[in-house]
Amino acid sequence: MKNNLAIEVENLTKIYTPRRKPPVRAVDGVSFSVERGTIFGLLGPNGAGKSTTIKVLTTLTPPTSGKAMVNGFDCVGQPLETRQSLAVVLQQNAFEQFMSVLNNLRTYAQFHHIPRAEANKRIPEVLDQFGLYDDRHTHAIDLSGGMRRRLQVAKAFLSGKPVIILDEATTGLDPINRRTTLDAIRQQASKGSTIILTTHLLDEAEDLCDRLVIINDGKIIAEGNVSEIKRLGIPAYSMQLIFKNIEDETRKYLNRLNPLHLKINNTTVDITLQRTHQEILALIKELDRTYGLIHFEVHMADLEDVFINLLSQRKEDNR
Ligand SMILES: Nc1ncnc2c1ncn2[C@@H]1O[C@H](COP(=O)(O)OP(=O)(O)OP(=O)(O)O)[C@@H](O)[C@H]1O
Ligand SMILES: [Mg+2]
């Protein structure tokens with residue numbers, strides 16, 4: 001393992017064999033690596049195999065075959081060292097319900113052998129960072145779902161471990177708390193931690209992750225940084241067009257373009273099209289000449305459109 005890598009996964013496969021049910025290939029030959037100090041995203045729809053990959057990395061389940069290394073340690077051969085290298089927030093919450101927020105953090109710090117002086121300094125910092133300071137004396141059981149989630153992430157960050165794994169850490173957070181949590185994740189990465197996160201929120205991956213893989217049915221269907229993924233041979237552009245007026249003829253024309261997304265509201269049209277740069281320019285000229293445009297705006301489609309497109313392409317290929 002190269003020592004600039006925090007995670008190395010090679011040809012990882014996990015087949016669950018539930019009783020009286022057919023086996024499930026939850027992870028099917030997945031390979032990726034994560035450089036130290038970066039934020040890495042595992043993206044995919046429900047059941048894609050994200051949590052299973054996380055469970056193998058955190059030694060909670062053994063792989064069926066393939067290799068998984070964390071911080072230079074083999075998840076199968078060196079489970080103890082692997083676990084010592086990482087802090088994880090699992091998709092299912094786990095914490096001391098009957099302890100206050102503060103005591104949850106103190107117990108966690110003790111358990112992870114963080115010296116008391118350091119814990120006393122860092123606990124108020126994370127409480128503040130995650131907007132939990134005012135609730136530090138509240139029992140965990142009395143917290144809202146979103147606050148519990150933040151307490152979980154706060155604990156992982158308190159640990160000071162080189163690798164932090166967050167499985168759907170921001171699910172269920174309101175926009176403001178999501179922002180706070182995302183900022184905290186960024187800050188932690190800038191201090192040198194490696195962060196692996198799973199999400200199906202594409203905008204989140206888009207503004208957080210240095211690199212990401214998209215998995216579907218246990219297989220990687222795309223990988224790279226956000227702009228690389230966007231350039232995967234399927235350029236897609238989102239446009240806002242404002243027409244002088246819109247007739248049935250215009251609507252028909254727009255529909256015939258086979259858009260990934262189309263919304264018409266009075267004379268304003270939001271449309272996402274899979275075309276090259278040149279085709280888009282030509283199309284705008286054409287629309288202006290034929291129907292009369294007052295205004296247009298073009299930008300590369302966001303990850304969500306690309307993602308949906310990749311997944312549906314994959315489905316068609318398998319038919
Ligand atoms: N313990 C298990 N036994 C049998 N099958 C399982 C088990 N855990 C997961 N699976 C199956 O493996 C596949 C991948 O599940 P996994 O939880 O890894 O998906 P995920 O990408 O995390 O999805 P989500 O977005 O819903 O969290 C699914 O088909 C799931 O039903
Ligand atoms: Mg999951």
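Leaving aside neighbours within four places in sequence, Asp28 is in contact with Thr13, Gly218 and Lys219. This residue of the predicted model makes a convenient starting point. Asp28 is found in strand β2, which covers residues 24–35. With 18 C-beta neighbours inside 10 Å, Asp28 falls short of the 20 needed for a buried residue and therefore counts as partly exposed. Asp28 can also be placed relative to Ser65: the two residues are 37 apart along the chain, and their C-alpha atoms are separated by 9.5 Å.

Strand β2 leads on to the surroundings of ligand 1. The shell around this ligand is made up of 14 residues, and the closest are Tyr16, Ala26, Lys50, Ser51 and Thr52. At least two residues of the shell come from β2, and at least two from helix α1, which spans residues 50–57. Of the elements involved, α1 gives the most, with three residues. In terms of residue class, the shell holds eight polar residues and five nonpolar ones, together with one charged residue.

It is helpful to step back here and look at the protein as a whole. Eleven helices and 14 strands are present in a chain of 319 residues, of which 34% count as buried. Taken along the principal axes, the C-alpha atoms fill a box of roughly 70 × 45 × 40 Å. Contacts between residues at least 6 apart in sequence were also examined; of these, 70% join residues that are at least 24 apart.

The protein is divided into two parts, with domain 1 running over residues 5–224 and domain 2 over residues 237–318. The centres of domain 1 and domain 2, taken over C-alpha atoms, are separated by 38 Å.

A closer look at one helix pair rounds off the picture. Helix α5 (residues 145–158) packs with helix α6 (residues 175–190) at an angle of about 5°, and the two axes lie 11 Å apart. Because angles under 35 degrees count as roughly parallel, α5 is described as roughly parallel to α6. On the α5 side, the residues that meet the partner helix are Gly146, Arg150, Val153 and Phe157, while α6 contributes Asn177, Thr181, Ala184 and Gln188. Sorted by class, the contact of α5 with α6 has four polar, three nonpolar and one charged residues.

Technical notes: Residues are numbered from 1 along each chain as its sequence is written. Chains are lettered from A and ligands numbered from 1 in the order in which they are written. This is a predicted model: local features need pLDDT of at least 70, side-chain atom pairs count only at pLDDT 80 or more; totals for chains, interfaces and linings use all residues. A residue is near a molecule or strand if its C-beta atom, placed from the backbone, lies within 6 Å of it. Helices (H or I, at least four residues) and strands (E, at least two) are DSSP runs, numbered from the N terminus. Ala, Val, Leu, Ile, Met, Phe, Trp, Tyr, Cys and Pro count as nonpolar, Asp, Glu, Lys and Arg as charged, and the others, Gly among them, as polar. A residue is buried if 20 or more other C-beta atoms lie within 10 Å of its own, exposed if 12 or fewer, and partly exposed in between; C-beta atoms are placed from the backbone. Two residues are in contact if their C-beta atoms, placed from the backbone, lie within 7 Å. Domain bounds come from an automatic or database domain assignment. Axes are lines fitted to C-alpha atoms, for helices over the stretch in contact, and angles run from 0 to 180 degrees between N-to-C directions. Angles under 35 degrees count as roughly parallel, over 145 as roughly antiparallel, 65 to 115 as roughly perpendicular and the rest as oblique.
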